[in-house]
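Please work through the exercises below with the model open beside you, trying each task before you read its solution.

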Amino acid sequence: MSQPFRLNKEGLINRKKKISFTFNGKKLFGYEGDTIASALIANGIHLVGRSFKYHRPRGFFGAGVEEPNAKLQVEFNGHSEPNVNATEMELVEGLSATSQNCWPSVNFDIGAINNFLKMFFPAGFYYKTFMWPKSFWYKIYEPFIRKAAGLGVASIEKDKERYEHKFEYCDLLVTGSGPSGLASAYAAAKNGAKVILAEDKPRFGGTLLTDDVSIDNLSGKDWAEKIITELKSMPNVTVKNRSQVFGYYDHNMLVMFERVSDHLEKKSKFTPRQRLWYIRAKETILSTGSIERPIVFGNNDTPGIFLSAAAKEYMKVYGVLVGKKPLIFTNNDSAYETALEFKKNNVEPIILDTREEHSSELIDEAKSKGIDIRFSHGVIVANGYKKVKSAKIGKLNKDKNSFEKIETVDCDCICVSGFWTPSVHLASQSGNKLKYEEKIDAFIPDKKKQHETSVGAANGSFTLEESLKHGFENGSNLSAKITETKTEISIPNVNEKKYGAHDKFWCMPLPKNENPKRFVDFQNDVSVSDIEIALREGYRSIEHVKRYTTLGMATDQGRTSNLNGLQLVSNIENKIVPEVGHTTFRPPFTPITIGTIVGREVGMEYMPTRKTPMHEWHEKNNAVFVDAGAWKRPRYYKQGSETLFEASKREAKNVRENVGICDVTTLGKIDIKGPDAAEFLNRVYTNAWMKLPVGKARYGLMLREDGIVMDDGTTTRISENHYHMTTTTAQAANVLSHLEYYLQIVWPELNVNVVSTTEQWAGAAIAGPKSRDMLSKLYPELDVSNDALPFMGYKEAEFFGVPSRIFRISFSGELAYEINVKSDHGMFMWEKMMEVGKEFGNQPYGTEALSTLRIEMGHVAGPELDGRTIPSDVSLNGLVSKKKDFIGKNSLGREAFNVESRQKIVGLIPIDRKSSIPEGSHIVQDQNAKLPNPKLGHVSSSCWSVENNNPFSLAIMKDGKNMIGKKFFVVSPLKNKSIEVEVISSHYVDPEGKRVRS
Amino acid sequence: MLYIKCPYCGLRAQKEFSYGGDATVKRPNINEEVSSEDWDNFVYMRKSPRGKHIELWQHIAGCRQWIKVQRDTATHEIFQTAKVTEEIR
Ligand SMILES: [Zn+2]
């Protein structure tokens, strides 16, 4: 199988290694080192996709990141990736690429009818067409837009690949390995600086690979290779290819996207596919080069039309001809190099130069080689639908707005050059306000906000000599400031061709009565007339024009279209370009995969998993877990075919009748020490703490300064100056920060230290009427009678030989204890409890049973302490001291907190004693009232009361206790339920609290 | 991501810190009478300046110290960081 457009020798590809792949099902081959684009062009394939809006046939336009058209769906290594840039993706064995945005095929696409209806698709089309009627949105407009806007198809399979994140620090980050980047990196490396050199492409060297230059008598390519080899050998230098620095963030942090292994046929199991680098650089060199911009003309999107530098790159890097009958359309000298390269490969180009006849080094060389040059000429319109066949060209009059002569010439490709646009994206992202450089008709970096320096073409210097000088100087000076070492480097001798001045010409006029589409933005199908319409309709700000026409808003970020768009606006508005200004550049510079952003933080690694020391036991005993922050807690222990409801009822009932144990390790624990600890607690909690004796626990309530309840828990006085505080599982971290805030900032005079001991202790609650009997078996030596260890008592004792703490505290409302042992002994404690508890009917219980027990007792928890309630809202005003000051006290006097009708806690039971009440339901007077139905409160927690064998809920309700005895409805539109309920006390079981004291 | 110099630990990534609001707010003294207005100002009223702002951050994933940071709210430039016991001028 021959490749009709492959040159015999040219190029940097490995001709020894053939790679087979398919395109739209057709079997083809290329070589190692090809991109999908170069391999397809070598095979004579140009039609690769359909355009976004009009479904026009599209081919390749560029040879790298600038490509606006050739986005393919690519399958390789077992996954399918949409919107892959064919000009960047390297060919790998077995790869299969297909065209996007076309149906049923790229050759015959039904959507292309849009092309013939283009008068109906003007600028602002989406805004105009899809506005009315509103009811059409969901069923008609939105599906249509989604379908039409579709580029590729995202895979719904789980991504099996591995992605990594890496954090790196360096003295100097160099973004781009063209001449100025290499020079900067080299100079800095010689000064001993820690350097990272990043190159987006697989090959280092940038334009040195394609320009006909020599440095110190070496070809550009050989010089680049020499420098790279030396840099790689230096321990202070990291050199990375296939690595795009795509974002410039605050404090000189740059983010780089490394394509680690997509180009590899085989890789180890642990090789990531892609890697995201967070690089904190002291200084950054932006050597991102420049991108050629096109000249706008009729049907300039026809397949076979290329940027001139891309055509040269295909020849010099890939050994591929983009055509055999080229037209070169230019306003500057650089395209002459492309023409000369064609000529060198025995292809006869015609040069159409918009400038009047003149002479320069390159023009003279082209002339001497016998190349057909036509000055004052340009392409008016390209002919051919799926591929360029000929072009109507015109000789321009002096005004460059009319034609002296028009003719048609045959061609199979058009290589266009409208001069060069510095890639200023990173500089702009860093906060650098760009300035317009008249000399090159483009923006370059101006005053810097961060530690960045643009060099070479990215800074508007388009000669090799200047780029190298600039690179060496800046690399040396910036690094010398950091390393305080300066190594002298002699700037090498350069041999390059001198360019003449370019023509400030960017758009071909149209002859009268001709109206072909002239595209400015290929990827988003924005044409000259779209921008004209936007301006006619009154859009003035370039940001508004951008959004209305979608100019520059596609994934290519308008790399080839921004400046031409600005030129058009400035011409029509009769303003100069700097007055029009430019739109904002935002990261990422190129699209990056979601996988890379996510990195390893998927599945189990999404967040850390905290397991209690007894976790394995729970697992072995059929615990069904629930997430409590990062913790895994047993929700219930499933027996046989039990449901959650059945199991939690069984577990809760067993606590009420016998005894149960619950893993409470996850509760926050804070150790508080110091002579002022009591005073500190007295300020932190709403109740009094100065008189708590050693060996006693107390329930405490803490508020925020605005009077809202922050957390609750028990704190025990372990010894004179030592307290053990517990917090809720959810608030543990916040409470610690809160305490540290007051100790470090507000009351530094208090001599107190706090430290989290949550993970140092394993905790188990023993609850139920038989818990004392069980405890006495666990501590045969200890007097655990009600007198010796009363409610809120505390003791330290050995638990079968290991030290332990016994707290007589209760969350379930039953007679209960909590045992803490060091974490390492947690499993031992638990297994011992299970063993000893057998004779008392002990069963483990999970969070669901725990909730049931606390709800029917009327104990508040997270759903009631929801950041909106003050102590009196949840019947905890008994804990609020009137005698002393504490955090948040002054707020409790606020008027709104003291109105009688304020929402307060109540209990609810369904009238039918059967219907369970969904949490979050609203309480209303009349379930049939007109919407919006006035809301009287909401259901905060619901359970099946095991004590009374019917549903019971806690609610926060207007007028609170005054409503007791009245009937209302709770409605849950979400669950489509409406239930009649009666308001009762929130303390449904044991309101006097006799059990905990028994 | 900001780069914040903890006065105890040195330059660390923003990820290690949590934000704590205006550092110039002073809590009324405990056990002292305070007018409703002064209290409300303390609890609720905060300036939202464009430009220099002295604020609290806590080095939660580091030394756990609360620190002062003088930052430009528009550009994120950090001019100075200090211990809470030190003054920022
Ligand atoms: Zn620190």
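## Exercise 1: Enclosed space

Seven cavities of 30 Å³ or more turn up when the whole structure is searched; a cavity here is a set of points on a 1 Å grid over the protein atoms alone where a 1.4 Å probe fits but cannot get out, and lining residues have an atom within 4 Å of a point. Grid points are joined across faces, edges and corners, and the volume is the space filled by probe spheres set on the points. The model is a predicted one, in which local features need pLDDT of at least 70 and side-chain atom pairs count only at pLDDT 80 or more, while totals for chains, interfaces and linings use all residues. Residues are numbered from 1 along each chain as written, chains are lettered from A in the order in which they are written, and side-chain values use heavy atoms, without hydrogens and water.

**Task.** Describe the largest cavity and its lining.

**Solution.** Begin with the volume, which is about 230 Å³. Next, take the lining of 18 residues, among which T421(A), G558(A), N562(A), L563(A) and F585(A) are the closest to the centre. Then assign the lining to helices (DSSP H or I, at least four residues) and strands (E, at least two), numbered from the N terminus: β25 (420–422), α13 (542–549) and α14 (562–573) of chain A each give at least two residues, and the largest share, three residues, is from α14(A). Finally, sort by class, with Ala, Val, Leu, Ile, Met, Phe, Trp, Tyr, Cys and Pro as nonpolar, Asp, Glu, Lys and Arg as charged, and the others, Gly among them, as polar; the lining has nine nonpolar, seven polar and two charged residues.

## Exercise 2: The second largest cavity

**Task.** Which residues lie closest to the centre of the second largest cavity?

**Solution.** This cavity holds about 140 Å³ of space. Of its 13 lining residues, R50(A), S51(A), N69(A), K71(A) and L151(A) are the closest to the centre. By class, the lining comprises four nonpolar, six polar and three charged residues.

## Exercise 3: Where the chains meet

**Task.** Characterise the interface of chain A and chain B, including its salt bridges.

**Solution.** First count contacts (heavy atoms within 4.5 Å): 27 residues of chain A touch 27 residues of chain B. Then look for salt bridges (a side-chain nitrogen of Lys or Arg within 4 Å of a carboxyl oxygen of Asp or Glu), of which the rule finds two across the interface. R27(B) pairs in this way with E705(A), the closest N and O atoms being 2.3 Å apart. Lastly, β8 (163–175) and α20 (732–746) of chain A each supply at least two residues of the side that touches chain B, and α20(A) gives the largest share, nine residues.

How values were computed:
1 Å grid on protein atoms, 1.4 Å probe; cavity = no way out; pocket = protein on both sides within 12 Å on 5 of 7 lines; lining within 4 Å.
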